[in-house]
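Student: Could you help me read the aromatic rings in a structure I have not met before?
Tutor: Happily, let's look at it together.

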Amino acid sequence: MNIFSLTSMAGLTAIAAVAVCPAAFAAAQAPAAAPAISDRITNPVAEFAGIDKITGRIITFDVYIDETVQFGALQVTPRICYSRPENEEPKTDSFVEVDEITLDRKIRRIFTGWMFAESPGLNAVEHAVYDVWLKGCKQKSDVPPPDGTKAERPKVDTSKPKPAAAPAAADPDTAEPDDGSTN
């Protein structure tokens with residue numbers, strides 16, 4: 001037998017296997033199922049790290065969602081902070097706004113976007129004096145929550161306004177007769 005006949009016989013064997021058991025062939029060709037992904041966890045606290053390049057100090061600080069903390073001349077405000085359950089691959093991200101207080105006391109937005117704890121250099125704030133990056137998201141903090149946190153704020157009714165109720169029927173004994181004139 002030559003090489004050509006061995007190759008063609010192997011091909012015929014594969015074709016015969018498909019003809020005999022198409023379900024087995026389809027299962028063998030299907031891509032592996034991806035692991036199920038759980039819902040992300042919304043956290044009330046974002047943990048940041050910052051460096052003051054002049055003093056060389058690295059500081060870790062917690063910020064509650066929708067609250068602003070000042071780090072040097074920067075004001076850091078996280079809007080949301082997501083993480084995954086502990087039994088999954090870590091994926092922690094936060095949507096953050098960072099403002100700079102300029103020397104003439106004006107506030108200038110220098111960053112708006114997503115920060116990723118697993119890739120701190122990807123979207124860290126790099127300022128001339130200060131750098132800030134996301135370290136993680138937490139459910140609790142050692143820092144007491146500021147007054148008026150989300151849990152303590154009054155709830156705003158965002159439902160559609162209800163139609164005005166019809167005036168209650170007047171008591172016929174005390175009602176004045178309607179003569180059609182206006183007062």
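Student: How many aromatic pairs are there in this model?
Tutor: This is a predicted model, and the count comes to 5 aromatic pairs.

Student: What is a pair of aromatic rings described by?
Tutor: Two values describe such a pair: the distance of the centres and the angle of the planes. Take Phe48 and Phe61, whose rings are 5.9 Å apart centre to centre with 25 degrees between the planes. That angle is under 30 degrees, so the pair counts as stacked.

Student: Which parts of the chain does that pair tie together?
Tutor: Phe48 belongs to strand E2 (residues 45-52) and Phe61 to strand E3 (residues 57-64), so the pair joins parts 13 residues apart in sequence.

Student: Are Phe48 and Phe61 buried or exposed?
Tutor: Phe48 is buried, at a relative accessible area of 0%. Phe61 has 11% relative accessibility and also counts as buried.

Student: How is the pair of Phe95 and Trp114 arranged?
Tutor: Phe95 and Trp114 meet edge-to-face, with 5.4 Å centre to centre and 70 degrees between the planes. Phe95 sits in strand E6 (residues 93-101) and Trp114 in strand E7 (residues 107-116), so this pair links distant parts of the chain, 19 residues apart. Phe95 is partly exposed, with a relative accessible area of 24%, and Trp114 is partly exposed too, at 31%.

Student: Which residues form an aromatic cluster?
Tutor: Phe48, Phe61, Phe71 and Tyr130 make up one aromatic cluster.

Student: And which residue lies over the face of Tyr82?
Tutor: That is Arg40, at 3.8 Å from the ring centre of Tyr82.

Methods. Residues are numbered from 1 along each chain as its sequence is written. This is a predicted model: local features need pLDDT of at least 70, side-chain atom pairs count only at pLDDT 80 or more; totals for chains, interfaces and linings use all residues. Side-chain values use heavy atoms; hydrogens and water are left out. Rings of Phe, Tyr and Trp (its six-membered ring) pair if their centres lie within 6.5 Å; planes under 30 degrees apart count as stacked, over 60 as edge-to-face and the rest as tilted. Helices (H or I, at least four residues) and strands (E, at least two) are DSSP runs, numbered from the N terminus. Buried means under 20% relative accessible area, exposed over 50%, partly exposed in between (1.4 Å probe, protein chains only). A charge sits over a ring if NZ of Lys or CZ of Arg is within 6 Å of the ring centre and within 35 degrees of the ring normal.
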